[in-house]
Structure formats: C-alpha cells, structure tokens
Amino acid sequence: MHCPFCRHGDSRVIDSRTSDDGLSIRRRRQCPECGGRFSTIETASLNVIKRSGAVEPFSRDKVISGVRKACQGRPVTDADLAILAQRVEEAVRQTGLSQIDANEIGLAILGPLRELDEVAYLRFASIYQAFESLEDFEASIAELRADHARARVDDAAATASD
Ligand SMILES: [Zn+2]
C-alpha cells in the first residue's frame, strides 16, 4: 500500500491489533522512505446483493436507517441502534459468506430488534415479511405472547427452586 505522504510504494507494519468486536484488524504502518506513520484497517469483504441484483458493500448505517423508521416514537436510542447493527453484522459475518442476500440481512435484524422493542419489531416484520392481513399480525403477536408466557413459567420455576 502506498504511503499517503510521499506515495512511496511500500510500507512496514509496526503494530497490528484486532478490534474489540473481532471483526477487523488495525495495522500501524511506517513508510521506509519518509518515516511517515499511518494506519490501515482490514476487514473481510462483505457484500449485499440487493433485490434489484445490484451488489454493494455491507453497511451498518444502512441497517440502522432501515430500522429507524420502525422505531419512531419508541424508547430506542441511537446507541441501541448502533449495538443492533453490530449484532446484525456479527450474525451475517458468522455465516462465512462474502456475499449475502439483502433478504438475509432483514432476517438477521428480526431477532435483535425483537429483543430491543417488540412494537418496533412488529412494525419492521410487517413491512419486511409483507404482512397482508390482520391475521398475520395476530399470528406474530400470538408468538410474542407465547414467548412471554414461557418466560413467566421459567421465572416461576426459577423462583420455586430458590
Ligand atoms: Zn512516505
């Protein structure tokens, strides 16, 4: 990689460390020609195939903007959304694929969003899964209710065993 200061065609790695989330490596480099120091960040390439067939690099910002509308008026902060986008990226990278369908990204969003805010989840799912009728909403809500009931039973069991 070229030195950004003098355009020399080579550089020496003087330090590398993995980011906290384990998704990238940051390398400190030094130019042997002018001594200038700079950093590079290395991540595995991850592309998204859109419904139109176009391919673009995965972007956490796009995940956030896709979810933000569903979170309108809900107690969801920008920090919550940043964490959600990070979880989505981790889930998608774990597949080990370098190209992934936009559809899969939507699927990867559903789980973390449901944990974050159930109303936002229902809104997002209704658009993403193209709910067509009240029955679709009812089925989703019934699923959430069943999970709540299971959680209560688990709580009760935990209390009983205390
Ligand atoms: Zn240089």
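Hi everyone. A strand here is a DSSP run of E with at least two residues, a helix is a run of H or I with at least four, and both are numbered from the N terminus. With that in place, let me show you Arg 7, which sits in the segment before strand 1, and strand 1 covers 12-18. Please keep in mind that this is a predicted model.

What is the phi of Arg 7? The value is near 65°, so a positive phi turns up in a residue other than glycine. As background, most residues other than glycine have a negative phi. Arg 7 is also exposed, because its relative accessible area is 57% and the cut-off for exposed is over 50%.

Let's zoom out to the whole chain. How many helices and strands are there? The chain has five helices and six strands. Following the sequence, the order reads β-β-β-β-β-α-α-β-α-α-α.

For overall dimensions, the C-alpha trace spans about 65 × 50 × 30 Å along its principal axes. The radius of gyration of the chain is 22 Å, whereas a compact globule of 162 residues would be near 15 Å. Of the 162 residues, 28% are buried. And if you take the contacts with a separation of 6 or more, 44% of them join residues 24 or more positions apart.

Now the helix packing, which I expect you'll enjoy. Two packed helices are described by the angle between their axes and the distance between the axes. Helix 1 is residues 60-68 and helix 2 is residues 78-94; their axes come within 9 Å and cross at roughly 125°. That angle lies outside the perpendicular range of 65 to 115 and is not over 145, so helix 1 and helix 2 are oblique to each other. The crossing of helix 1 past helix 2 is right-handed.

Which residues meet there? On the helix 1 side we have Arg 60, Val 63, Ile 64, Val 67 and Arg 68. Helix 2 brings Asp 78, Leu 81, Ala 82, Leu 84, Ala 85, Gln 86, Val 88 and Glu 89. By character, this contact between helix 1 and helix 2 holds eight nonpolar residues, one polar and four charged.

Helix 2 has another partner, helix 3, residues 102-116, and those axes come within 9 Å and cross at roughly 140°. Helix 2 is therefore oblique to helix 3. This crossing is right-handed. From helix 2, the contact uses Asp 80, Leu 84, Arg 87, Val 88 and Val 92. From helix 3 come Ile 105, Ala 108, Ile 109, Pro 112, Leu 113, Glu 115 and Leu 116. The residues of that contact split into nine nonpolar, no polar and three charged. If you're clicking along, Leu 84 and Val 88 of helix 2 are among the residues that meet helix 1, and both are listed in the contact with helix 3.

My last stop is helix 5, residues 134-161, where we find Arg 150. Is Arg 150 buried or exposed? Arg 150 is exposed, with a relative accessible area of 52%. Its C-alpha atom is 29 Å from that of Asn 103, which is 47 residues away along the chain.

Ile 141 belongs to helix 5 as well. At a relative accessible area of 29%, Ile 141 is partly exposed, because that value falls between the 20% and 50% cut-offs. Along the chain Ile 141 and Val 119 are 22 residues apart, and their C-alpha atoms are separated by 9.8 Å.

That's my tour. Thanks for listening!

Key:
Residues numbered from 1 in each chain as written. Predicted model: local features only at pLDDT ≥ 70, side-chain atom pairs only at ≥ 80, totals over all residues. Heavy atoms only, no water. Axes fitted to C-alpha atoms, helices over the stretch in contact; angles between N-to-C directions. Parallel < 35°, antiparallel > 145°, perpendicular 65-115°, else oblique. Left-handed = near helix turned anticlockwise from the far one by under 90°. Contact = heavy atoms within 4.5 Å. Nonpolar A, V, L, I, M, F, W, Y, C, P; charged D, E, K, R; others polar. Rg over C-alpha atoms; globule rule 2.2 N^0.38 Å. Buried < 20%, exposed > 50% of the residue type's maximum accessible area, 1.4 Å probe, protein only.
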